[in-house]
Amino acid sequence: MSVQQTVGSDPYFPVNGDPRYRVHRYELALDYRPGPNRLSGTARLNAIAGRAPLAEFQLNLADFRIGRVRVDGKAPHYTHRGGRLRIRPPKPIRAGAAFTVEVHWSGNPKPVNSPWGGLGWEELEDGALVASQPVGAPSWYPCNDRPADKASYQISITTPSAYSVVAGGRLLTRTTKASTTTWVYEQAAPTSSYLVGLSIGKYQTVLLGDPGLGGVPQSGHLPAHLLAEFSRDFARQPAMMELFEELFGPYPFSEYAVVVTEEELDVPVEAQGLSTFGANHVDGARGSERLVAHELAHQWFGNSVSIADWRHIWLNEGFAKYAEWLWSERSGGRTAQQHAATAHRKLSALPQDLVLSDPGRKLMFDDRLYERGGLTLHALRHTMGDDAFFRMLRGWATLHRGGAVTTAALSAHVSRYTAEPLDDVFAAWLYEPTLPPLPTPGAPVPARPSYPPTNADSA
């Protein structure tokens, strides 16, 4: 069963999110002027109180000027400090009751500070993009910023008409008046706040392949001068989509868009139904094709099947890493076993101090988490056999579609596909920092440790 809400705050980011209520829909109306980097907006949130009455609650929102706040149409008491908008309605909201919150805000959006640098809204030389993982969403809109609190979104954005706006979801309307254009997108599938994607720039739009009846529409949005390189680098994405639908089940959203910005990005940016790449990821030689596969795989693992809190991030990144290896194996490249051997050699030479099931905030984006996550799935594949493993993988993506999960939920899920418990495999790969032997066909199951250590204290 999916975990829609965890009790208490996220142990890695205790000031982000409020578990006392959940939002089921956001309606955002934004106006953005790229020149002065000026954003003004209205947010309407439809929410439901938790099991206790809500005398007060909070949203996360960066340093903007607040125009007004309303709860069920009435003015509450509120304070706005340190990225938290604390709201006290005129009278407490009953347990389990539906309520609406409206917030008007304006200012100059900028990334929020994090241990990994600025996150969220990023002003570009000529436009903007959003890269929010894990806590950057409040850089541009008020939200209950926790990955398990998933909601549908409608986003309306007005910009000068020279710019294109790409957001995750279906484009409902595009209306031009005088010198501005308003773009309205709908993302009906449950979406985590950090996965609300947005890109504003001067782009040419191309279609990737012909989805045919019942297929997934795939589009690219890029600077016109990169069209030739993009056409080669992303030519095999429709084949990836076909493979991943075979292995993981139907694509979980209504469409998929990729954006290439004029600027260089350290890594591509995942969002729901949308991935953003830098110009440096387009070389005309498919030099970044593994990243194309990685970001597409996140639509199943991380976006549709989300994590209950950030301790479980390996469920996003390990699965997407293994999808890279599966694409390579099935498209005539190196086999998953060869990729696993390379990853194992790399990890063997690095410090053995990462616990995959709870890496701690400092190590949650460590390269070792990605590689070890892929190796964990490879170990499961060899232990279970291909038939059971791939049935398990497809079942995981299907059963938890639109939900939020934990590492314990994966262990329970895997047990449904095996005659013998795999506790020892999970214990060795997930709860011990020491790297187990390379998974190979017929390899013995590693011994179980006496207790599950954690990296949480290093956060």
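User: How many cavities of 30 Å³ or more does the structure hold?

Analyst: This predicted model holds five cavities of 30 Å³ or more. The largest cavity has about 90 Å³ of space, and the second largest has a volume of about 40 Å³.

User: What makes a space a cavity and not a pocket?

Analyst: A 1.4 Å probe fits in a cavity but cannot get out, whereas a pocket is open. The space of about 90 Å³ is listed as a cavity, so by that definition the probe cannot leave it.

User: Which residues line the largest cavity, and how do they divide by class?

Analyst: The lining consists of Leu-347, Leu-350, Pro-351, Gln-352, Asp-353, Leu-354, Arg-368, Arg-372, Pro-433 and Leu-435. Six are nonpolar, one is polar and three are charged. Leu and Pro count as nonpolar, Asp and Arg as charged. Gln is in neither of those lists, so Gln-352 counts as polar.

User: What lines the second largest cavity?

Analyst: Its lining is made of Tyr-153, Ile-155, Gly-168, Gln-187, Thr-191, Leu-195, Val-196, Gly-197 and Gln-272. Strand S10 (151-160) and strand S13 (180-191) are the elements that give two or more residues to this lining. By class there are four nonpolar, five polar and no charged residues.

User: Why is Gly-168 called polar there?

Analyst: Gly is placed among the polar residues by the definition, so Gly-168 counts as polar.

User: How do you know that S8 and S9 pair?

Analyst: Two strands pair if at least two bridges are found between them. S8 and strand S9 (residues 127-131) have five bridges, in the antiparallel sense, so the condition is met. In one of the bridges, Glu-123 has Ala-128 in S9 as its partner.

User: What is the order of the strands in the open sheet, and what makes a strand an edge strand?

Analyst: The sheet has four strands in the order S8-S9-S14-S11, with antiparallel pairing. Strand S8 (120-124) and strand S11 (164-167) each pair on one side only, and these are the edge strands. From one strand to the next the twist averages 20°.

User: How many aromatic pairs are found, and why is the pair of Phe-248 and Trp-300 called edge-to-face?

Analyst: The whole structure has 26 aromatic pairs. For Phe-248 and Trp-300 the centres are 5.7 Å apart and the planes stand at 70°. Centres must lie within 6.5 Å, and planes over 60 degrees apart count as edge-to-face, so both conditions hold. Phe-248 lies in helix H2 (residues 237-248) and Trp-300 in the loop between helix H3 (289-297) and strand S20 (306-307), so the pair ties together parts 52 residues apart in sequence.

Technical notes: Residues are numbered from 1 along each chain as its sequence is written. This is a predicted model: local features need pLDDT of at least 70, side-chain atom pairs count only at pLDDT 80 or more; totals for chains, interfaces and linings use all residues. Side-chain values use heavy atoms; hydrogens and water are left out. On a 1 Å grid over the protein atoms alone, a cavity is a set of points where a 1.4 Å probe fits but cannot get out, and a pocket is an open set with protein on both sides within 12 Å along at least five of seven lines; lining residues have an atom within 4 Å of a point. Grid points are joined across faces, edges and corners, and a volume is the space filled by probe spheres set on the points. Axes are lines fitted to C-alpha atoms, for helices over the stretch in contact, and angles run from 0 to 180 degrees between N-to-C directions. Rings of Phe, Tyr and Trp (its six-membered ring) pair if their centres lie within 6.5 Å; planes under 30 degrees apart count as stacked, over 60 as edge-to-face and the rest as tilted.
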